[in-house]
Amino acid sequence: QVQLVESGGGLVEPGGSVRLSCAASGTTLRLWDVEWYRQPPGTRYVDQRELVAAITALHSETHYTDTVQGRFTIFRDNTENSVHLQMSSLKPEDTAVYYCKAARNSNDFWGQGTQVTVSG
């Protein structure tokens with residue numbers, strides 16, 4: 001059974017940085033495309049989640065939404081069977097629950113999410 005566990009969220013001041021981690025068990029994460037989504041406050045449905053960053057299984061190509069380009073970095077740590085999201089120059093509008101998703105062929109798995117609150 002594939003399981004994803006996010007960690008690293010918390011309260012951070014505007015302009016600060018935080019690193020989120022998505023750790024996998026039951027599979028080798030480097031074989032999967034991995035995406036980070038965020039769900040803004042006041043929303044509750046999966047289709048309201050915003051795709052923030054993605055990294056492909058093949059060649060580890062990365063993609064970012066315009067609002068985080070240059071501030072966020074997605075990268076793999078294959079020794080930890082994880083994908084990280086390094087978030088810098090954080091803004092209050094980055095406040096959200098962040099989820100990772102692993103996708104391969106027609107299968108996908110989600111983690112439980114981690115809250116990031118940018119305030120101060």
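Contacts between residues far apart in sequence feature strongly in this predicted model. Among the contacts in the chain with a separation of 6 or more, 54% join residues 24 or more positions apart. The secondary structure behind this picture is easy to summarise: the chain has 11 strands and 0 helices, and from the N terminus on its elements run β-β-β-β-β-β-β-β-β-β-β. The radius of gyration of the chain is 13 Å, close to the 14 Å that the globule rule gives for 120 residues, so the chain is as compact as a globular protein of that length. Along its principal axes, the C-alpha trace spans about 40 × 25 × 25 Å.

Turning to the interior, 45% of the 120 residues count as buried. The largest nonpolar core holds 28 residues. Within this core, L29, W36, F72, I74, L85, M87 and Y98 touch the most other members. Several strands contribute at least two residues each: β3 (18-25), β4 (33-39) and β5 (50-55) are among them, and so are β7 (72-77), β8 (82-87), β9 (96-104) and β11 (114-118).

M87 offers a handy place to look at this packing in detail, as one of the core residues that touch the most other members. Leaving aside residues up to four places away in sequence, M87 touches G16, S17, V18 and L20. The partners of M87 also include R71 and F72, together with Y98 and V116. Of these partners, F72 and Y98 are themselves listed with M87 among the core residues that touch the most other members.

At the surface, the chain exposes about 6400 Å², and carbon and sulfur atoms supply 46% of this area. The chain carries 10 positive and 13 negative charges, and the mean positions of the two sets are 3 Å apart.

Two loop residues deserve a closer look for their backbone geometry. Most residues other than glycine have a negative phi. S89, although not a glycine, has a positive phi of about 50°. This serine, S89, is found in the loop between β8 and β9, and its relative accessibility is 41%, so S89 counts as partly exposed. N105 is likewise not a glycine and has a positive phi of about 55°. The place of N105 is in the loop between β9 and β10 (107-110). With a relative accessibility of 78%, against a cut-off of over 50%, N105 counts as exposed.

Conventions
Residues numbered from 1 in each chain as written. Predicted model: local features only at pLDDT ≥ 70, side-chain atom pairs only at ≥ 80, totals over all residues. Heavy atoms only, no water. Core = buried A, V, L, I, M, F, W, Y, C linked by side-chain atoms within 4.5 Å. Buried < 20%, exposed > 50% of the residue type's maximum accessible area, 1.4 Å probe, protein only. Helix = DSSP H or I, 4+ residues; strand = E, 2+ residues; numbered from the N terminus. Contact = heavy atoms within 4.5 Å. Rg over C-alpha atoms; globule rule 2.2 N^0.38 Å. Areas by Shrake-Rupley, 256 points an atom, 1.4 Å probe, with all protein chains shown as cover. Lys, Arg positive; Asp, Glu negative; His and termini not counted. Charge placed at Lys NZ, Arg CZ, Asp CG, Glu CD.
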